[in-house]
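Hi everyone, thanks for coming. Let's take a few minutes to walk through one fold together.

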Amino acid sequence: DGLMAQRMFLMALPMAIGTLHLFEGYFETDRTKALTISLTTLAVFQWFNAWNCRHESKSIFRMNPFSNTFLVGATAIVIFLQFAALHTPFLQKILHTTPLSLSEWLVIIPIAGSIILVEEIRKFFYRRKLVYIWTTRNQNFIFLLVLLVGIFVLAFSLRTYFGNSFCNRLWAGSEREVKTFREDTRGESR
């Protein structure tokens, strides 16, 4: 279904960008902290996303938050489990996590909360049927945009995970291959 694809794409972008941004901030100094922050950021994104998905067009701010008691209970359970994963020595060993400070939580929550803003904007246009009209006329453009964003996220992930030195080595390897190829082709043409 087209609406589901739109929602998945729109939700994936802030999740990927926010998580990779926080990961990059800690990767060079403390890899365990970087992985813990990434795991927690993705979890918090999902907490907010679960509340976003209650209705495909109605704003989250216009619904009674306690009308779905199962969602309230599930949210409480996953928050408890996340804190247990970060603060219980047994789970820290299994999951390779480390505790997060209050200041780190105060960075993670607003970044993960951005998913609400993205979905509220989508719902606003969906209610006015502007997105449907625009997407049906521009399907090729949307495919190209998704492809370019995917390439950007992949490149950013590689640079973040392996560091600039890895990317520089890849580029240097490519330059050496081009130089060798040019030298070989010049030798053959003489």
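Let me start with a yardstick: the expected span of a helix is 1.5 Å times one less than its number of residues. Helices here are DSSP runs of H or I with at least four residues, strands are E runs of at least two, and both are numbered from the N terminus. Please keep in mind that this is a predicted model, where local features need pLDDT of at least 70, side-chain atom pairs count only at pLDDT 80 or more, and totals for chains, interfaces and linings use all residues. Residues are numbered from 1 along each chain as its sequence is written, and side-chain values use heavy atoms, leaving out hydrogens and water.

So, what does the protein chain contain? We find seven helices and zero strands.

Now try the yardstick on H3, residues 69-87: its 19 residues should span 27 Å, and the end C-alpha atoms are 27 Å apart, so the two agree. At the N-terminal end of H3, Asn68 acts as a cap, with a side-chain oxygen 3.2 Å from the backbone nitrogen of Phe70.

Which residues of H3 are buried, meaning under 20% relative accessible area (1.4 Å probe, protein chains only)? They are Leu71, Thr75, Gln82, Ala84, Ala85 and Leu86. These buried residues pack against H2, H4 (89-95) and H5, with contact meaning heavy atoms within 4.5 Å. Across the protein chain, 32% of the 190 residues count as buried.

Finally, H2 and H5 also touch each other: among the residues that meet are Phe45 and Trp47 in H2, and Trp105 and Ile108 in H5. Thanks, everyone!

Definitions and conventions
Buried < 20%, exposed > 50% of the residue type's maximum accessible area, 1.4 Å probe, protein only. Polar contact = N/O pair within 3.5 Å; in protein donor to acceptor, adjacent residues only side chain to side chain.
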